[in-house]
Amino acid sequence: MRVPINTITPDTPSAEVIGWAHEIRDLGGLAFLLIRDRTGIIQVTVPKKKVAPEIAETIRAISRESVVRVTGMVKPEGKAPGGRELIPDAIEIVSLSATPLPLDVAEKVPAELDTRLDNRFLDARRPRVSAIFKIRNAVQHATRNFFFDNGFIEINTSKIVAAATEGGTELFPIAYFEKEAFLNQSPQLYKQMMMAAGFEKVYEIGPIFRAEEHNTTKHLNEATSIDIEVSFTDHIGVMQTLEDLVRDIYQFVDKTCSDAIADLGLDSFAVPEKGFPRLPYSEAIEIASAKCEEDIAYGDDIGTAAERAIGEEMGRMYFIVDWPSSIRPYYAMPYENDPEICKAFDMMHPRMELSSGAQRVHQHDLLVEQIAKKGLNPENFEFYLNPFRFGMPPHAGWGLGAERLVTTMLGLPNVREAVLFPRDRHRVVP
Ligand code: AMO
């Protein structure tokens, strides 16, 4: 019976393991074979004169990264990983690997990100890479638990849509029979429509598609968004939910992923402190102007250099609040006493933006007015606007980028590291 490698201790009498040939060292009379499965590594020690001749023969035939099965006696060995070694009674090659390997799984030879992504199945055999995805799994698990415990309903909305959500640009057109259709940029309109359906608290974890041309370390053309929408609350209420969720996720990862955290070589893993500061947009811009020579604005957003400068000053997770209405989408609720600014926010890690949200406009006529003001045609939003005519409750929500959350949590240099098969300006394969 095969056992996971990390369950074998120096006291285990005997074991059967199946895994990949991580490293093979043949010293003539003695051979060492490191076997790796997803739980760890064990050294198989082969004193050739003392084992059956077919074992010595099989050892010679094994290429690196072949799948092999080994059964044998376990012995304590201080110099081996985990303080034990396996002396084989039998070795079998289950699946022989071709040579040469397109990339060195044992990490003796570093590989470029492009080579790694081209050969992601091999790259992901490396413990420090699989660790990222074990943690991403924990992040999504903690997210679902948090929402379930707090009475949210998980929804799944269509990714094939007829119109833009966030404005007219950055859409991928698709061929949909005789109609014009696109890949959705955000579940925004659907999660709001579910407020009209009386669901009160919904969330979705799903893909968003952005046909952005820029090729940066924080932009993907297909990303995963954790979205919520909540009725009978405002921007303040959902900002608190966002802070609670993010802290909860960090705590869960800290509690359940110590092996993966160690595989990544992170010496500290700090859960963000309560009470993320709330910095008005106007003050954020003042900090940026004082610290940063580059352009502060970047389209409708704060530019990367400015974002970094403000992040440095804040030194922790924080919110930027009270944005100018002119640079936020039509669905953001303007303040009654000053409609030039709106009840929108971004949640920031010192390195980059993680989330955007707002209290929404729930009044039909104001929404039509705001859509038109943005130069969009309200007639294209008929399906979205209609629910606002039949008892739409006040509501608020946000979208949180899952890859950016993992990237910043683990200090990864590039957001692509947090995606198995990233889609960027140049990459649609694998
Ligand atoms: P926004 O467009 O700011 O807001 O997106 C929300 C969050 O999703 C992530 N994100 C991305 N991550 C990687 N690559 C991208 N190209 C990318 N685009 C977005 C970011 C971002 O903060 N409908 C609103 C949300 C709302 O108001 O509820 C929206 O989509 O982390």
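Author: A residue is called buried if its relative accessible area is under 20%, exposed if over 50%, and partly exposed in between, with a 1.4 Å probe and only the protein chains counted. The model is predicted: local features need pLDDT of at least 70, side-chain atom pairs count only at pLDDT 80 or more, and totals for chains, interfaces and linings use all residues. Residues are numbered from 1 along each chain as its sequence is written, and side-chain values use heavy atoms, with hydrogens and water left out.

Reader: Why does Ser-355 count as buried or exposed?

Author: Ser-355 has 1% relative accessibility, so Ser-355 counts as buried.

Reader: In which strand is Ser-355 found, and what makes that a strand?

Author: Ser-355 is found in strand E17. A strand is a DSSP run of E with at least two residues, a helix is a run of H or I with at least four, and both are numbered from the N terminus. Strand E17 spans 352-359.

Reader: Which residues does Ser-355 touch?

Author: Contact means heavy atoms within 4.5 Å. Not counting residues up to four places away in sequence, Ser-355 touches Leu-242, Phe-345, Asp-346, Met-347, Trp-398, Gly-399 and Leu-400.

Reader: What makes a pair of atoms a polar contact?

Author: The pair must be N or O atoms within 3.5 Å; within protein, one must be able to donate a hydrogen and the other to accept it, and residues adjacent in sequence count only if both atoms are side-chain atoms. A polar side-chain atom of Ser-355 lies 2.8 Å from the backbone oxygen of Gly-399.

Reader: How far from an oxygen atom of the ligand are polar atoms of Lys-191, Glu-353 and Ser-355?

Author: For an N or O atom in the side chain of Lys-191 the distance is 2.7 Å. For a polar side-chain atom of Glu-353 it is 2.5 Å, and for a polar backbone atom of Ser-355 it is 3.3 Å.

Reader: How much of the ligand does the protein cover?

Author: The protein covers 93% of the 630 Å² of accessible area that the ligand has on its own. Such areas come from the Shrake-Rupley method with a 1.4 Å probe.

Reader: Which element gives the most to the shell around the ligand?

Author: Strand E17 does, with five residues. Other elements that give two or more include helix H5 (188-196) and strand E11 (222-231).

Reader: Why are E7 and E8 called edge strands?

Author: Three strands form an open antiparallel sheet in the order E7-E9-E8, and E7 and E8 each pair on one side only. Two strands pair if DSSP finds at least two bridges between them; five bridges join E8 to E9.
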